[in-house]
Amino acid sequence: MSMEPSCPVKGPGIPSAERRAKGPVACIECFQHIPCNPCEASCPRHAITIGGEITGLPHLDETLCNGCGLCMTRCPGLAIFTVDESGENARVSFPYEYVPLPQAGDAVTCTDRDGHPLTQGTVVRVRQSPAFDHTAVVTVEIPKALSMQVRFIDRSSIPGR
Amino acid sequence: MKTTDLLIVGAGPAGLSAALAAAQAGVRALVIDENQRPGGQLFKQIHKFFGSGVHKAGTRGFRIGEQLLKETLEQNVEVQLGYPVYGLFPDGRAVCGSPEGAQEIRAKKIILATGANENNLCFEGSTLPGVMTAGAAQTMINLHHVLPGQRVVMIGSGNVGLIVAYQLLQAGAQVAAVVEAAPAIGGYGVHAGKLRRAGVPFYVSHTVHRAIGTDSVEGVELVKLDNFRKVDGTQLEIPCDTVCMAVGLTPMVELARLAGCEMTEIPALGGVVPMHDENMRTTNPDVYIAGDISGVEEASTAMEEGRLAGTAAAEALGALDAETAARLKDEIRRRMALLRSGEFGAKRQAAKETIVRRCEAFEAGRQEEGERA
Ligand SMILES: Cc1cc2nc3c(=O)[nH]c(=O)nc-3n(C[C@H](O)[C@H](O)[C@H](O)COP(=O)(O)OP(=O)(O)OC[C@H]3O[C@@H](n4cnc5c(N)ncnc54)[C@H](O)[C@@H]3O)c2cc1C
Ligand code: SF4
Ligand code: SF4
């Protein structure tokens with residue numbers, strides 16, 4: 001069985017497999033020409049470009065992006081994730097705006113873009129900051145083959161709920 | 001009787017931006033809103049907004065409202081809250097309710113920024129408790145912190161339906177379904193994505209057939225649509241205790257009608273709207289409009305239209321010279337055109353151009369008539 005993660009999405013914001021293998025990188029899943037651009041200004045490394053037209057698609061310069069995740073919390077569409085395939089397992093981070101928050105160490109059911117359960121995973125980090133304005137960033141560790149498919153968790157699987 | 005140079009009805013993003021632009025040009029403006037809180041639609045929007053940096057995108061809606069109000073007050077604009085304007089005469093006299101009874105205001109110029117009203121659907125059971133508009137549900141959860149129900153079915157997948165459904169999830173409700181009559185989701189894919197990730201099922205090409213229940217909603221029966229026609233025998237029941245309708249908004253044009261503004265029908269922008277020219281001026285030369293009243297769009301465009309109307313009114317009042325006004329208005333129009341580009345905006349841009357064209361045609365006709373008379 002191939003371990004190459006299959007990637008169901010394509011677009012100017014999706015990093016290459018080579019880049020993902022090197023460490024955390026943003027994965028911008030915003031594919032419609034909507035009048036929106038806060039992601040562009042949010043990146044301190046200028047890795048996101050929308051261009052002159054506000055309805056342009058966000059383009060990722062994967063060589064500039066270090067996967068810090070700042071853009072995730074500024075995007076009103078909650079459409080940016082980070083993926084890290086450099087370790088034995090993959091790490092996927094996503095914006096999270098529900099209470100209660102999961103906690104590092106929680107075993108959770110990880111789901112795809114349609115909320116379908118894909119695998120069990122472990123929450124490895126939950127980031128919060130006043131600068132995030134109530135959007136937390138949750139990171140889960142999952143099998144590498146699913147790195148481009150896992151995008152959320154089943155909230156009812158959070159222990160203690 | 002109170003007098004003011006510029007009266008602005010509505011303290012939403014359009015009205016406040018108009019007041020700000022006028023005040024920056026040195027015009028004394030009075031803003032009146034029937035609500036106790038300023039900000040219009042903004043004060044119940046807890047989500048981060050779309051738009052660009054200049055439109056404070058990425059900031060939560062209610063904070064945009066707070067910031068706008070603060071800037072407006074810093075410019076010494078007078079804002080009267082809790083006063084419904086219910087009368088407007090073609091000569092520029094307005095009447096509003098107040099604790100002391102009816103109050104008359106005489107203004108040289110008036111900007112109407114009254115926003116839009118939510119549409120309702122009529123179906124069997126639609127009068128049962130538990131059936132409400134999406135805006136009502138949003139007010140309940142975000143302002144009053146009351147959950148309208150435990151299990152909600154949302155009718156309509158435009159951005160309002162998608163956003164309110166997401167906020168209901170955040171507030172702790174379950175969303176049993178989002179129902180859409182068209183064959184595809186109406187709102188932005190990224191908003192729909194939040195619900196999809198949470199496992200919310202979407203029923204496209206479906207509509208509500210009836211709400212079930214005796215004393216309150218116990219479920220809805222959906223029916224499949226083929227080209228917007230109900231297909232017999234495809235009924236499907238979904239248990240729920242709340243049905244929310246997010247089926248569009250209609251511009252609130254009553255005051256414009258009273259002021260004698262000519263109307264025009266433009267379905268792409270929500271129905272009948274007052275005709276307006278490139279300066280947001282209606283066919284009543286003293287009355288301007290801005291925001292959702294001139295066609296249902298977004299807060300970002302409402303703010304730009306407000307700035308445009310405020311600038312144009314200031315020019316008409318003699319507070320700006322023609323050159324400065326033209327420069328300011330060109331900048332605003334450029335930003336507005338950018339907001340109305342792309343796959344979602346192009347239709348609105350075309351509709352807006354139609355309104356201006358119709359207004360020009362009407363004015364030309366009026367002039368011809370005048371010359372003949
Ligand atoms: C759920 C939802 C989500 C949205 N999300 C976004 C988004 O992410 N980005 C975006 O750009 N836009 C968004 N919008 C749209 C945006 O909120 C509206 O387009 C915008 O508020 C319109 O501004 P406005 O000033 O024209 O009208 P409003 O905000 O509706 O303000 C009108 C004001 O006029 C007052 N008024 C009306 N009649 C009278 C009267 N007779 N006398 C006195 N006062 C009166 C009302 O009380 C109100 O305060 C959203 C809307 C909804 C419903
Ligand atoms: S993850 Fe950090 S570096 Fe990469 S695009 Fe986002 S903000 Fe920029
Ligand atoms: S901020 Fe988010 S929704 Fe807006 S353009 Fe950027 S990625 Fe798309």
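**Exercise 1. A salt-bridge network in chain B**

Which residues are linked with B:Glu297 in a network of salt bridges?

Solution. The structure is a predicted model, and what follows should be read with that in mind. Starting from B:Glu297, the network takes in B:Glu305, B:Arg340, B:Arg348 and B:Lys352. To set this network in its wider context, one may add that the structure holds 28 salt bridges over all chains.

**Exercise 2. The interface between the two chains**

Describe the contact between chain A and chain B by its residues, its buried area and its polar pairs.

Solution. Begin with the residue count: 34 residues of chain A are in contact with 30 residues of chain B. Next, take the area, bearing in mind that the size of an interface is often given as the accessible area lost when the parts come together. About 2700 Å² is buried between chain A and chain B, and carbon and sulfur atoms give 50% of this. Within the share that chain A buries against chain B, A:Pro35, A:Pro76 and A:Tyr98 supply 20%, more than any other three residues.

Then turn to the polar side of the interface, where 16 residue pairs are in polar contact between chain A and chain B and where the side of chain A that touches chain B is made up of 13 nonpolar, 11 polar and 10 charged residues. Finally, count the salt bridges between chain A and chain B, of which there are four; one of them pairs A:Glu97 with B:Arg60, with the closest N and O atoms 3.4 Å apart.

**Exercise 3. A buried histidine of chain B**

Is B:His191 buried or exposed, and which residues does B:His191 touch?

Solution. First place the residue: B:His191 belongs to helix H5 of chain B, which spans residues 189-197. Buried residues are those under 20% relative accessible area, and B:His191 counts as buried because its relative accessibility is 2%. Last, list the partners, setting aside residues up to four places away in sequence: B:His191 touches B:Phe50, B:Asn159, B:Leu162 and B:Ile163, together with A:Pro76 from chain A. A:Pro76 is also one of the three residues named above for their share of the area that chain A buries against chain B.

**Exercise 4. Three salt bridges and what they join**

For the pairs A:Asp133 with B:Arg63, B:Asp5 with B:Lys108, and B:Asp286 with B:Lys109, work out which parts of the structure are brought together.

Solution. The side chains of A:Asp133 and B:Arg63 form a salt bridge at 2.9 Å, N to O. Because A:Asp133 sits in the loop between strand S7 (117-127) and strand S8 (136-142) of chain A, whereas B:Arg63 sits in helix H2 of chain B, the pair joins two chains. A:Asp133 is buried at 16% relative accessibility, while B:Arg63 is partly exposed at 27%.

In the second pair, B:Asp5 and B:Lys108 meet at 3.0 Å, N to O. B:Asp5 lies in strand S1 (residues 2-9) and B:Lys108 in strand S6 (residues 103-112) of chain B, so the pair ties together parts that are 103 residues apart in sequence. B:Asp5 counts as partly exposed at 25% relative accessibility, and B:Lys108 as exposed at 53%.

In the third pair, the closest N and O atoms of B:Asp286 and B:Lys109 are 2.7 Å apart. B:Asp286 comes from the loop between strand S19 (271-274) and strand S20 (287-289) of chain B and B:Lys109 from strand S6 of chain B, so this salt bridge ties together parts that are 177 residues apart in sequence. B:Asp286 is partly exposed, at 27%, whereas B:Lys109 is buried, at 12% relative accessibility.

**Exercise 5. The nonpolar cores**

Which residues touch the most other members of the largest nonpolar core, and which helix gives the most to this core?

Solution. The largest nonpolar core has 59 residues, and those that touch the most other members are B:Leu6, B:Leu7, B:Ile8, B:Ile32, B:Ile111 and B:Leu112. Helix H7 (residues 299-316) of chain B gives the most to this core, with eight residues. Taking B:Leu112 and leaving aside neighbours within four places in sequence, one finds contacts that include B:Val9, B:Leu88, B:Leu255, B:Val287 and B:Ile293. Apart from this core lies another, of 44 residues, among them A:Phe81, A:Ile153, B:Ala165 and B:Ala246.

Key:
Residues numbered from 1 in each chain as written. Chains lettered and ligands numbered in written order. Predicted model: local features only at pLDDT ≥ 70, side-chain atom pairs only at ≥ 80, totals over all residues. Heavy atoms only, no water. Contact = heavy atoms within 4.5 Å. Buried area = accessible area lost by both parts, 1.4 Å probe. Polar contact = N/O pair within 3.5 Å; in protein donor to acceptor, adjacent residues only side chain to side chain. Nonpolar A, V, L, I, M, F, W, Y, C, P; charged D, E, K, R; others polar. Helix = DSSP H or I, 4+ residues; strand = E, 2+ residues; numbered from the N terminus. Buried < 20%, exposed > 50% of the residue type's maximum accessible area, 1.4 Å probe, protein only. Core = buried A, V, L, I, M, F, W, Y, C linked by side-chain atoms within 4.5 Å.
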